[in-house]
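I opened the notebook with a plain aim: to look up how the helices of this chain pack and where the aromatic rings meet. The entries follow in the order in which I looked things up.

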Amino acid sequence: MTSPAAPVSVLPEQQPPAPPSAAERALDRALRVAGGVVSVWAGALFALLDLIFATWAWAAVQGRSGGAQALVGIGLAVAGIAAVAASTVLLGWFAHLSTGSRWGVALAALPWFLVIVVGGFRTTEGDLALAGDNVLGLALIVSGAVTFAVLGFRHVVTPPPVDR
C-alpha cells in the first residue's frame, strides 16, 4: 500500500538580477583599487610596527635575567609572534576581501617583505633594525612569512563561490 503524495509547492523561477550600470561598475572598480592601495600601505605599516616591536622586545628580553624577569621576556616574545601572525591574517583577509581578488593577499605581502628585507640592512648612521642576534626578530619574520604563505595558498586553491 502506498501513502498519498504530499503536496509540494513549487517556487516560481527567479529572474536573474539586472546587470549593474556603468556608474555602479565604476564605483566598484574604484573601491577595489582603493582597497588595494590601503592593503599596500597597511602591509608596509605593519612591517614597520613589527620591526619596531622586534627591536624593542629583544632589548627587553636581553635585559631580563632570573626567574620572573625571564618569564616576562619569554611572554613578550610569544606575544610578539602571536601578534604578527594575527595581524598578518587580518591584513591578508582585508586585502582579499577589499580587492575581490584571490591574489589580493600579494598586495599586502610584497610591501611587508620589502620593508622586512630593508630592515636587515644597516643605515648610513649605523642603525640596524634586525640584527643577526635578534632571535625574536627572526621568529617574527618566519611567522609572518609562513602566515602570508598559508593565506596566499589558501586563497589561491580555494575554488570561487558559485553564484546561482
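**Entry 1, the chain as a whole.** I began with the cut-off for burial, under which a residue counts as buried when its relative accessible area is under 20%. With that in hand I looked up the protein chain, which is a predicted model, and found that 28% of its 164 residues count as buried. For the secondary structure I noted four helices and zero strands, and reading along the sequence I wrote the pattern down as α-α-α-α. I also looked up the contacts between residues at least 6 apart in sequence, and of these 78% join residues at least 24 apart.

**Entry 2, H1 against H3.** I turned next to helix H1, residues 22-62, and asked at what angle H1 and helix H3 pack. For H3, which spans residues 104-118, I noted an angle of about 30° to H1, with the two axes 7 Å apart. The crossing in which H1 passes H3 is right-handed. On the H1 side I listed Gly36, Ser39, Val40, Gly43, Ala44, Phe46, Ala47, Leu48, Asp50 and Leu51, which meet Leu107, Ala108, Pro111, Trp112, Val115 and Ile116 of H3. Sorted by class, the contact of H1 with H3 has twelve nonpolar, three polar and one charged residues.

**Entry 3, serine 39.** One residue on that list made me stop, and I asked whether serine 39 is buried or exposed. Serine 39 is found in helix H1, and its relative accessible area is 0%, so I entered it as buried. Leaving out residues up to four places away in sequence, I noted that serine 39 touches Leu91, Phe94, Ala95, Ser98, Leu107 and Ala108. Leu107 and Ala108 also stand among the H3 residues that I had listed for the contact with H1.

**Entry 4, H1 against H4.** I then looked up helix H4, residues 135-157, which packs with H1 at an angle of about 150°, the axes being 8 Å apart. Angles over 145 degrees count as roughly antiparallel, so I recorded H1 as roughly antiparallel to H4. The crossing of these two helices is right-handed. Asp50, Phe53, Ala54, Ala57 and Trp58 of H1 make the contact together with Val135, Leu136, Gly137 and Leu140 of H4. I divided the residues of this contact into seven nonpolar, one polar and one charged. Asp50 I had already written down in the contact of H1 with H3.

**Entry 5, the aromatic rings.** How many aromatic pairs does the structure hold? I noted three, and looked up tryptophan 112 with phenylalanine 113, an edge-to-face pair with 5.2 Å from centre to centre and 85° between the planes. Tryptophan 112 has a relative accessibility of 1% and so counts as buried, whereas phenylalanine 113, at 32%, is partly exposed. The rings of tryptophan 112 and phenylalanine 148 have centres 5.6 Å apart and planes at 65°, and the pair is therefore edge-to-face. Because tryptophan 112 lies in helix H3 and phenylalanine 148 in helix H4, this pair ties together parts that are 36 residues apart in sequence. Both tryptophan 112 and phenylalanine 148 are buried. I closed the page with the cluster into which ring pairs link Trp112, Phe113 and Phe148.

Terms used: Residues are numbered from 1 along each chain as its sequence is written. This is a predicted model: local features need pLDDT of at least 70, side-chain atom pairs count only at pLDDT 80 or more; totals for chains, interfaces and linings use all residues. Side-chain values use heavy atoms; hydrogens and water are left out. Axes are lines fitted to C-alpha atoms, for helices over the stretch in contact, and angles run from 0 to 180 degrees between N-to-C directions. Angles under 35 degrees count as roughly parallel, over 145 as roughly antiparallel, 65 to 115 as roughly perpendicular and the rest as oblique. A crossing is left-handed if the near helix is turned anticlockwise from the far one by less than a right angle, and right-handed if clockwise. Contact means heavy atoms within 4.5 Å. Ala, Val, Leu, Ile, Met, Phe, Trp, Tyr, Cys and Pro count as nonpolar, Asp, Glu, Lys and Arg as charged, and the others, Gly among them, as polar. Rings of Phe, Tyr and Trp (its six-membered ring) pair if their centres lie within 6.5 Å; planes under 30 degrees apart count as stacked, over 60 as edge-to-face and the rest as tilted. Buried means under 20% relative accessible area, exposed over 50%, partly exposed in between (1.4 Å probe, protein chains only).
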